[in-house]
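Q: Please take a close look at the largest cavity in this model and describe what lines it. A few words on the aromatic pairs would also help.

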Amino acid sequence: MPAKTAPNADARAEAGETVGPLLRGVGVLRRLTEAGGTLTPSALERATGLARSTVDRITATLSRMDYVRLDGRDVVLTPRVMELGNAYLAALRLPALLGARADALADELDESVSLAVADLDGIRFIHQATRRRALSVSFRIGDLLPAERTAPGPLFATEWSEPDWARWRARRAADPTDAAFPAVPPRQTPTDDPAFPHDAAFPHQVERARRDGWAVDDQLIEPGLVAVSVPVRDPGTGRLACVASVVSHTSRHSAADLRTSLLPRLRTAVAAMESDLRTAPPPAPGPPPAGLATWTTESKHQLGRDFVESLARGLTVPTAFGEGRAALSLSEVARATGLARATARRALLTHEHLGLVLARPDRTFALTPRVLDLGFPPLSRTTLPRLAEPHLRSLTDRLHEPTALAVLTPDGSEIQYTAGAGPSRVLTVHVTVGARLPAAATSLGRVLLADTASPLPPALAEVRDQGYALADEELESGLRSVAVPVRDRAGRAVAALNVATHAARRTLEDCVHDVLPALRTTAAHIESDLHTASRFNPVPTS
């Protein structure tokens with residue numbers, strides 16, 4: 001009697017083993033991601049085909065998880081949702097091991113450099129080192145591109161099996177304009193635009209890449225964009241771990257220039273990357289997480305039917321993975337999340353059905369690059385002022401006082417305002433983004449100066465010790481303010497946050513006892529968002 005084979009994810013889905021609310025919740029996150037991070041509930045209703053009441057319950061649950069913010073009429077993705085993609089990138093380890101090499105190459109060449117991995121018959125970016133120019137490449141970490149319109153694609157396709165080629169041909173027949181790839185311009189059919197090669201050319205590009213060991217994109221995505229790519233191989237298996245690319249535009253380099261001037265240096269950088277992979281120590285994961293989903297029970301009691309507990313539980317499952325935890329058994333996922341084995345199993349089967357999790361032959365599970373579909377691309381280009389703005393508005397609404405974020409200028413003599421929020425008052429402080437003030441005369445400046453190298457003057461040493469600064473009518477008569485630092489993942493004060501008031505409204509004691517606690521709480525929220533968003537992605541401070 002022949003042995004029975006395990007049913008695949010689609011078969012199990014048809015058997016009703018997937019979690020419906022989790023399927024719908026992931027669909028909402030994907031539609032928000034495709035829309036750039038913001039949609040109205042009505043637009044989500046149209047985009048997902050869900051009833052408005054279902055959309056409202058899903059967004060209420062995602063809001064409770066801090067994955068979205070309900071901002072007036074809009075549903076907005078928040079940085080906390082990036083913890084899903086961070087779990088995949090941490091488990092993958094490639095950005096942490098190779099990102100510095102890519103950044104150094106970008107600095108050396110003054111061109112954008114990217115790292116990409118295969119995602120079925122597409123390629124997905126896992127690291128970007130971009131140049132800040134008026135005309136620059138705008139791909140983001142997590143963006144998915146069709147393999148046949150990229151330089152990395154032919155390299156990955158050298159390892160495709162016949163089922164992989166069949167999947168590619170089926171996708172091209174079903175989606176001739178690449179509508180399923182929102183990160184690239186829609187493609188004209190080959191008969192309409194001779195600039196795009198016929199699909200029959202792609203197998204030839206693959207064979208050329210197999211022979212040469214590198215590949216070029218000569219304006220396949222859009223006119224003017226060119227790239228050259230070299231594979232980075234896993235030292236243990238010899239298979240492609242990722243592909244490194246240098247990306248430019250034709251006003252700086254032609255495709256021929258890429259081959260002659262940039263390819264040799266790219267190959268040198270890739271050799272160093274492969275050496276780093278060979279010598280990298282094993283990951284040090286630390287204590288495994290536990291009870292990641294236990295908070296959902298209390299939230300269900302508090303919110304009732306407006307909180308979809310099965311969705312919240314299911315979305316905690318990807319966060320069980322991470323560095324040193326790239327492949328987990330069902331029991332390990334259940335322990336990490338605090339879920340019953342049956343609940344964890346259904347969540348994993350649902351994620352497998354959605355393409356977010358891969359079931360491995362050794363009965364473990366691993367995250368796939370598709371996890372980056374869940375909010376990562378639009379948030380990977382955020383800035384600190386953009387992260388801070390909703391928190392500033394919330395603090396202003398709470399205290400009815402103006403709030404501001406500022407950074408030190410390069411020479412340290414001034415502060416520059418980068419974000420602000422003001423209340424509806426007749427007498428208030430108006431914060432102009434971009435305006436500069438003397439650092440030593442402001443609470444914002446003193447907090448930042450107190451984080452500079454020692455030894456510090458006694459006044460700044462006191463600010464550093466107490467963790468805040470007060471300015472009492474020193475910049476302007478009647479103006480009083482209190483400020484605290486905003487620190488990055490390394491603990492450096494990269495910005496400062498303050499509340500300003502009129503001396504007639506609050507005493508100095510009021511500023512310390514009433515304003516300062518709320519200010520510190522807001523700074524902690526901004527820091528939490530900054531630390532999540534910047535784990536694998538630089539976040540500019542201005």
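A: The cavity comes first below, followed by the aromatic pairs.

The model is predicted. It holds four cavities of 30 Å³ or more, and the largest cavity has a volume of about 90 Å³. Its lining is made up of 15 residues, and those closest to the centre are Phe125, Phe139, Pro152, Ala227 and Val247. Three elements give two or more residues to this lining: strand 5 (122–129), strand 8 (225–233) and strand 9 (240–249). Strand 8 gives the most, with three residues. Sorted by class, the lining of the largest cavity has 10 nonpolar residues, four polar ones and one charged one.

The second topic is the aromatic rings. A pair of aromatic rings is described by the distance of the centres and the angle of the planes. The structure holds seven aromatic pairs. One of them joins Trp165 and Trp168, with 5.6 Å centre to centre and 90 degrees between the planes, and this pair is edge-to-face. Why are Trp165 and Trp168 separated by about one helical turn? They are so placed because they lie three residues apart in helix 8 (residues 162–174). Trp165 and Trp168 are both buried. Trp165 and Trp168 also belong to a cluster, linked by ring pairs, that takes in Trp160 and Phe202.

Definitions and conventions:
Residues are numbered from 1 along each chain as its sequence is written. This is a predicted model: local features need pLDDT of at least 70, side-chain atom pairs count only at pLDDT 80 or more; totals for chains, interfaces and linings use all residues. Side-chain values use heavy atoms; hydrogens and water are left out. Rings of Phe, Tyr and Trp (its six-membered ring) pair if their centres lie within 6.5 Å; planes under 30 degrees apart count as stacked, over 60 as edge-to-face and the rest as tilted. Helices (H or I, at least four residues) and strands (E, at least two) are DSSP runs, numbered from the N terminus. Buried means under 20% relative accessible area, exposed over 50%, partly exposed in between (1.4 Å probe, protein chains only). On a 1 Å grid over the protein atoms alone, a cavity is a set of points where a 1.4 Å probe fits but cannot get out, and a pocket is an open set with protein on both sides within 12 Å along at least five of seven lines; lining residues have an atom within 4 Å of a point. Grid points are joined across faces, edges and corners, and a volume is the space filled by probe spheres set on the points. Ala, Val, Leu, Ile, Met, Phe, Trp, Tyr, Cys and Pro count as nonpolar, Asp, Glu, Lys and Arg as charged, and the others, Gly among them, as polar.
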